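Trainee: Please give me a close look at a single part of this model, the surroundings of the ligand, and take as much room as you need.

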Amino acid sequence: MRKPLIAGNWKMYKTSDQAVKLTAGIKAALKGFEGVDVVLCPPFTVLSTVYNIISDIDIQLGAQDLYWEKEGAFTGEISPIMLKDCGCEFVISGHSERRKYFSETNEIINKKVKAALDVGLKPICCVGETLEEREAGKTIDVIKTQLTGCLAGFEIGDALNLIIAYEPVWAIGTGKNATAAQAQEVHKFIRTWIAENFSQGVANSLRILYGGSVKPANIKELMNEEDVDGALVGGASLEASSFVEIVKNSI
Ligand code: PGA
């Protein structure tokens, strides 16, 4: 059985005081709660602050991005080792906002995912189609191209530490989530692709998260699908009450 994973992507929200309040609220509400891996992905500026609050409870830390070099003259960038140093275990890579606003390509995401794996971070690699692509019937082709590019050159050992998030671009921040059936169709395709390109064993254990307007009211239905193993939550992760409800409703 794959253990459910719920990750909160705070995006570019929360100053220190706000981050402390949100993290403390989540921590208090999830004390003693088991059965779900919970990951908080705050902005870089509060990674250590959040880590100090959750380090004595079973909630993990993730970053929202990374650069692929270990160190060097790359002004403004953050290396995988620096993320480990802040207490991160996970890192999001290839989010559609990075692809759209910062021109990240599958080749760049491939380097980032590889660099994360090399230092023992677990990458949450995001894929997803735009509305235009869905309406043109190209969803599966787009996902296949993204998987092929993002995971090029990987070995079975790499894939074992990988998490994939299916995030249809049209569902992100729009309040319009994919239906459970739409999510399942793509998740199933992803798992089959992993089985064909790595192994059935990897496919069986790999967690595939759904992301895009996940709320306390729709998480149960999504999680009922065989190949939906958790969620990457944006907007609803910014309030302790809604995030905690999503975590609790996911099992
Ligand atoms: P959303 O964002 O939950 O606000 O739609 C999801 C994401 O971007 O990961």
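Mentor: A backbone N or O atom of Gly235 lies 2.8 Å from an oxygen atom of the ligand, which is a polar contact in the sense of a pair of N or O atoms within 3.5 Å. The model is predicted, so local features need pLDDT of at least 70 and side-chain atom pairs count only at pLDDT 80 or more, while totals for chains, interfaces and linings use all residues. Residues are numbered from 1 along each chain as its sequence is written, and side-chain values use heavy atoms, with hydrogens and water left out.

Two side chains also reach the ligand: a polar side-chain atom of His95 is placed 2.6 Å from a ligand oxygen atom, and an N or O atom in the side chain of Glu167 is 2.7 Å from an oxygen atom of the ligand. Of the 280 Å² that the ligand exposes when taken alone, the protein buries 96%, with areas computed by the Shrake-Rupley method and a 1.4 Å probe.

There are 13 residues around the ligand, and those that come nearest are Lys11, His95, Glu167, Gly173 and Ser213; a residue belongs to these surroundings if one of its heavy atoms lies within 4 Å. By class, this shell consists of seven polar, four nonpolar and two charged residues, where Asp, Glu, Lys and Arg count as charged, Ala, Val, Leu, Ile, Met, Phe, Trp, Tyr, Cys and Pro as nonpolar, and the others, Gly among them, as polar.

Lys11 deserves a separate word, as its phi is positive, about 50°, although it is not a glycine. Lys11 is placed in the loop between strand 1 (5-9) and helix 1 (16-30), these elements being DSSP runs numbered from the N terminus, helices (H or I) of at least four residues and strands (E) of at least two. With a relative accessibility of 19%, Lys11 counts as buried, a label that means under 20% relative accessible area, with exposed being over 50% and partly exposed in between, for a 1.4 Å probe and protein chains only. In the loop between strand 1 and helix 1 one also finds Lys14, which has a positive phi of about 90° without being a glycine, but at 22% relative accessibility Lys14 counts as partly exposed.

As for the setting of this site, 54% of the 251 residues of the protein chain count as buried, and the C-alpha trace spans about 45 × 45 × 35 Å along its principal axes.

Terms used: Polar contact = N/O pair within 3.5 Å; in protein donor to acceptor, adjacent residues only side chain to side chain.
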